[in-house]
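Good morning. Please have the sequence and the structure open while I talk. I will go through a sheet, strand by strand, and then a pair of helices.

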Amino acid sequence: MQNKRNFHLLLLGVVCFFTFFIHNKVIYPDIMESRNLITAREMVEYNNWLVPTMNGTLRLEKPPLPTWVAGIIEWVSADNIVLQRTAAGVMATLLVFFMYFLGARVTRKPLYGLISALVLCTSFNIILMGRTATWDIYCHSFMLGAIYFFYRAFESEGAHWKDFLWSGILMGLSFLGKGPVSFYALLLPFLLCYFPIYRPSLRGKLAPLLVMVLICLVISLWWPLYLYLYHRDMAMFVAAKESTAWLERNVRPWYYYWKFFLESGIWSLFLITALLWPYWKKRIALKKEYILMVTWTFAVLILLSLLPEKKTRYLLPILIPSTMVVAHIIFYWHGKLTESKLLVGWDRLFFRINTLLIASIVCCLPVGLYVYCFMLTGGGIGIIMFIFTALLFISAAYILLRSAWKIKPLHFLGGVVFLFFIVETFLMPSIAGLFNNPDIKSIKAVRNMDILEKIPFYYPEDEELRIELVYEAGRRILPWNTSGDTLPALPIVLVSARNAEDILPETLQSRVNMTFIGQFDDNHRKAGTKWHSDIFVRNVTLLEAKH
């Protein structure tokens with residue numbers, strides 16, 4: 001059993017390496033990454049580790065643990081997007097391993113844990129979050145670990161102090177990662193489902209449970225308490241603003257998340273099939289475990305739908321229980337074949353529909369790759385790489401088709417993992433071409449201009465400044481009322497949508513020499529497309545005092 005577990009962990013480690021770490025620098029940083037990394041950069045530059053800022057403004061909306069990690073990376077290796085995303089990949093890997101441990105523990109079947117973990121790390125949203133320096137992956141990874149130790153403590157005889165202590169520590173770290181988000185979106189739904197279904201006994205566990213809560217509160221609340229004591233007004237303002245935002249910002253109807261299953265990516269149809277509870281509850285041997293995962297999935301969905309503010313990335317926690325729902329039917333199919341060597345009736349039909357649809361799509365990928373590389377982009381990867389990649393796709397399609405026709409669920413899962421290996425290893429740079437602008441002229445160039453070194457940057461306060469420009473410029477860009485008669489201490493650099501001559505009043509123009517540095521375009525999409533926006537196009541002008 002130990003050798004099997006070691007093999008499972010080694011396999012998951014290899015899969016996670018290709019899933020989260022290979023080619024993780026090819027996509028440009030987005031708005032969320034820019035905000036997070038600017039905050040980390042200012043932690044190091046201005047030594048404000050306890051009171052973070054973003055472009056000179058206090059950023060207290062989110063607890064600082066992930067930003068501390070990013071700040072340490074920034075201190076060790078400045079502006080290293082690969083290392084920053086590697087940290088997120090480590091947390092995603094931790095999430096996958098906790099998934100394995102929880103799945104294996106709940107069912108007492110290591111193979112079920114392996115299936116759950118492999119489905120998780122081939123799910124779309126998990127891959128996305130594990131490849132970008134965003135903070136959601138931190139809180140949910142820690143919380144899944146807390147749930148694993150919590151479950152282990154309650155499903156074992158005795159007090160199990162160690163498990164409760166670990167659960168409390170990880171809950172606290174989850175709060176320091178993103179506040180109460182994972183408590184509401186992952187832990188609360190689990191508790192609402194676990195206690196009615198399993199009815200665990202509290203005998204001998206009350207004392208360690210209370211200590212768990214105490215440890216969680218100590219780790220969670222020391223930073224908010226520090227802010228309340230030393231920055232009370234700002235802390236109260238931010239708390240009120242965040243509470244209002246949850247009620248008034250990005251308000252969507254209650255049914256907005258009806259397409260939640262699409263977050264699973266390739267497993268979307270599998271998830272819909274696996275959630276047919278009236279059918280599967282009569283067949284799956286692990287009935288209680290299956291009901292727990294199904295109800296947990298719907299509990300997450302309902303609680304998230306109750307919040308007025310909704311974004312698709314908030315659906316990340318629903319992938320955790322829904323992944324285990326998918327694992328149940330794969331494990332069931334495998335078990336049925338082990339017992340009777342065949343699937344019959346609806347079991348056979350469900351398996352064939354799910355697998356053949358995916359296999360058919362994969363069969364079309366070589367054609368799609370050819371169209372993209374040689375008809376749309378005029379040669380994306382070269383003829384030799386195209387032939388090699390097309391052959392790999394054909395191999396993956398063969399594995400998927402054969403396992404679909406021969407009804408081999410584990411082989412099909414292996415084929416999906418192999419498919420993702422191909423994409424992540426050989427196609428990620430080309431896929432990045434769909435989102436990256438090869439003709440980009442980034443404002444990042446100002447970092448290497450000696451003439452602008454140590455000169456403060458400003459922008460007209462009546463213009464919107466995208467935070468991505470602040471990240472690329474590598475320094476703060478502060479607001480300035482250009483319509484007044486007051487000049488900041490010269491020299492300064494003006495970053496503006498219009499020419500400096502059209503912005504500054506004549507009274508100010510008469511007092512400065514203006515040197516046009518250049519126009520920069522930080523659009524990640526090509527000019528002429530609907531995604532190209534003037535908000536990322538900015539003029540940079542050096543203003544110096546006249547003598």
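The sheet is open and has five strands, in the order 4-3-5-7-6, with mixed pairing. Strand 4 and strand 6, residues 512-521, are at the edges; each has a single partner strand, so one side of each has no neighbour in the sheet. From one strand to the next, the twist averages 30°. Keep in mind that this is a predicted model.

A general point before the details. Strands of a sheet pair through backbone hydrogen bonds, and the pairing is either parallel or antiparallel.

Let us take strand 3, which covers residues 457-460. Are its faces covered or open? Both are covered: Phe457 and Tyr459 on one side are buried, and so are Tyr458 and Pro460 on the other.

Strand 3 runs parallel to strand 4, residues 477-480, and four bridges join the two. Within that pair, Phe457 is opposite Ile477 of strand 4. The connection involves a helix: strand 3, helix 20 at residues 467-473, and strand 4 form a β-α-β unit, and that unit is right-handed.

Strand 3 also pairs with strand 5, residues 492-496, in the parallel sense, over two bridges. Phe457 appears here again, with Val493 in strand 5 as its bridge partner.

Moving along the order, we come to strand 7, residues 537-545. Strand 5 and strand 7 run antiparallel and are joined by five bridges. Two positions to find on your screen: Val495 has Val540 of strand 7 as its bridge partner, and Ile492 is opposite Leu543.

How many residues of strand 7 are buried? Seven of the nine are, so strand 7 is largely enclosed by the rest of the structure.

Strand 7 pairs with strand 6 as well, in the antiparallel sense, over nine bridges. In that pairing, Phe516 is opposite Thr541 of strand 7.

Now the helices. Two packed helices are described by the angle between their axes and the distance between the axes. For helix 7, residues 136-154, and helix 8, residues 161-178, the axes come within 8 Å and cross at roughly 160°. Since the cut-off for roughly antiparallel is over 145 degrees, that makes helix 7 roughly antiparallel to helix 8. The crossing is left-handed.

Many side chains could be pointed out here, but I will name a few residues. Those of helix 7 that meet helix 8 include Phe142, Phe149 and Phe150. On the helix 8 side, Trp166, Leu170 and Leu173 are among the residues in contact.

That is the end of my part.

Technical notes. Residues are numbered from 1 along each chain as its sequence is written. This is a predicted model: local features need pLDDT of at least 70, side-chain atom pairs count only at pLDDT 80 or more; totals for chains, interfaces and linings use all residues. Side-chain values use heavy atoms; hydrogens and water are left out. Buried means under 20% relative accessible area, exposed over 50%, partly exposed in between (1.4 Å probe, protein chains only). Two strands pair if DSSP finds at least two bridges between them. A crossover is right-handed if, with the strands pointing away from the viewer, the path from the first strand over the helix to the second runs clockwise. Axes are lines fitted to C-alpha atoms, for helices over the stretch in contact, and angles run from 0 to 180 degrees between N-to-C directions. Angles under 35 degrees count as roughly parallel, over 145 as roughly antiparallel, 65 to 115 as roughly perpendicular and the rest as oblique. A crossing is left-handed if the near helix is turned anticlockwise from the far one by less than a right angle, and right-handed if clockwise. Contact means heavy atoms within 4.5 Å.
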